[in-house]
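Have a look at the sequence and the model below before reading on. We'll walk through the fold and then go down to some side chains.

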Amino acid sequence: SPQWNVWSDQFRARRLPYAVAGTRTVTPHPNLTVLRRRSMPFGRSKRVREFDLRRNAEFVRRFTSRLGFRKTLLWHSFPYWSEPFVEAVQPKLRAYHSLDFSMREEEEAELIRRSDAVFCVSETLVQKHGAVNPQTYLLPNGADLKLFDRERAARAARPAALPKDRRLIGFVGAINCHV
């Protein structure tokens with residue numbers, strides 16, 4: 001994992017204390033709380049990974065219980081040692097969002113089998129996962145071309161907070177360190 005590899009370009013020593021014992025929740029909006037997992041160094045080790053899974057899943061279980069969650073919808077998209085989290089949430093409904101091909105085929109197949117709905121970003125994934133769960137649908141990546149129409153944007157007033165004498169470059173999406 002790049003966050004623990006001191007020779008990686010992505011390694012940041014200042015992040016280590018936060019990853020091990022930092023704040024568990026952030027509330028960027030009054031009705032939105034984001035839970036953050038904690039992780040120990042050497043997470044590729046089975047014992048360390050299992051320890052992290054247990055302590056993070058237990059936190060999720062206690063947190064959702066304290067908030068009184070009863071009819072939880074779990075939208076899941078990361079099939080890597082995630083079953084303890086799914087069980088901790090005890091969702092009423094499950095949606096699995098298949099974003100890419102997974103190396104954890106058995107775990108992903110179980111998540112798909114147990115989901116109420118499966119959404120895939122490509123027809124190939126719809127065909128693959130539809131064989132496991134007939135409630136599988138295409139939800140492709142993309143953009144609303146009307147929203148990002150160049151002519152419409154040129155006519156719109158520039159927000160006052162942006163510089164008026166320079167070009168602007170916009171980005172919508174995510175930048176990841178993997179291919």
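What follows starts with the sheet, moves to the helices on it, and ends with rings, charges and backbone angles.

Keep in mind throughout that this is a predicted model. A good place to begin is the open sheet, which has four strands in the order 3-4-5-6, paired in parallel. As background, strands of a sheet pair through backbone hydrogen bonds, and the pairing can be parallel or antiparallel. Which strands stand at the edges? They are strand 3 and strand 6; each has a single partner strand, so one side of each is left without a neighbour in the sheet. Going from one strand to the next, the twist averages 20°.

Now zoom in on the pairing of strand 4 with strand 5. These two run parallel and are joined by four bridges. If you want a spot to put your cursor on, try Ala95, which stands opposite Ala117 in strand 5.

Next come the helices. Helix 4, residues 105-114, packs on the sheet and touches strand 3, strand 4 and strand 5. Its direction makes about 135° with that of strand 4. Helix 5, residues 123-130, lies across strand 4, strand 5 and strand 6. Relative to strand 6, helix 5 runs at about 175°.

With the framework in place, let's turn to the aromatic rings. How many aromatic pairs does the structure hold? There are five. One of them is formed by Phe78 and Tyr80, with 4.9 Å centre to centre and 45° between the planes, which makes it a tilted pair. The two partners differ in how much solvent they see: Phe78 is exposed, at a relative accessible area of 54%, while Tyr80 counts as partly exposed at 26%.

Another pair takes us back to the sheet. The ring centres of Phe119 and Tyr137 are 6.0 Å apart and the planes make 35°, so this pair is tilted too. Here the partners come from distant parts of the chain, 18 residues apart: Phe119 sits in strand 5 (residues 117-120) and Tyr137 in strand 6 (residues 136-138). Is Phe119 buried or exposed? Its relative accessibility is 19%, and since buried means under 20%, Phe119 counts as buried. Tyr137, at 37%, is partly exposed. The story doesn't stop with two rings, as ring pairs link Trp75, Phe119 and Tyr137 into a cluster.

Rings also have charged company in this model. Arg24 lies over the face of Phe59, at 4.5 Å from the ring centre. Over at Trp81, the charged end of Arg49 sits above the ring, 4.2 Å from its centre.

Stay with Trp81 for a moment, and look at its backbone. Most residues other than glycine have a negative phi. Trp81, though, has a positive phi, near 55°. Where is Trp81? You'll find it in the loop between strand 3 (73-76) and helix 3 (83-89). At 33% relative accessibility, Trp81 counts as partly exposed.

On the other side of helix 3, check out Gln90, in the loop between helix 3 and strand 4 (93-98). Gln90 is another residue other than glycine with a positive phi, near 50°. As for its surroundings, Gln90 counts as exposed, with 59% relative accessibility.

Notes:
Residues are numbered from 1 along each chain as its sequence is written. This is a predicted model: local features need pLDDT of at least 70, side-chain atom pairs count only at pLDDT 80 or more; totals for chains, interfaces and linings use all residues. Side-chain values use heavy atoms; hydrogens and water are left out. Rings of Phe, Tyr and Trp (its six-membered ring) pair if their centres lie within 6.5 Å; planes under 30 degrees apart count as stacked, over 60 as edge-to-face and the rest as tilted. Buried means under 20% relative accessible area, exposed over 50%, partly exposed in between (1.4 Å probe, protein chains only). A charge sits over a ring if NZ of Lys or CZ of Arg is within 6 Å of the ring centre and within 35 degrees of the ring normal. Two strands pair if DSSP finds at least two bridges between them. Axes are lines fitted to C-alpha atoms, for helices over the stretch in contact, and angles run from 0 to 180 degrees between N-to-C directions. Contact means heavy atoms within 4.5 Å.
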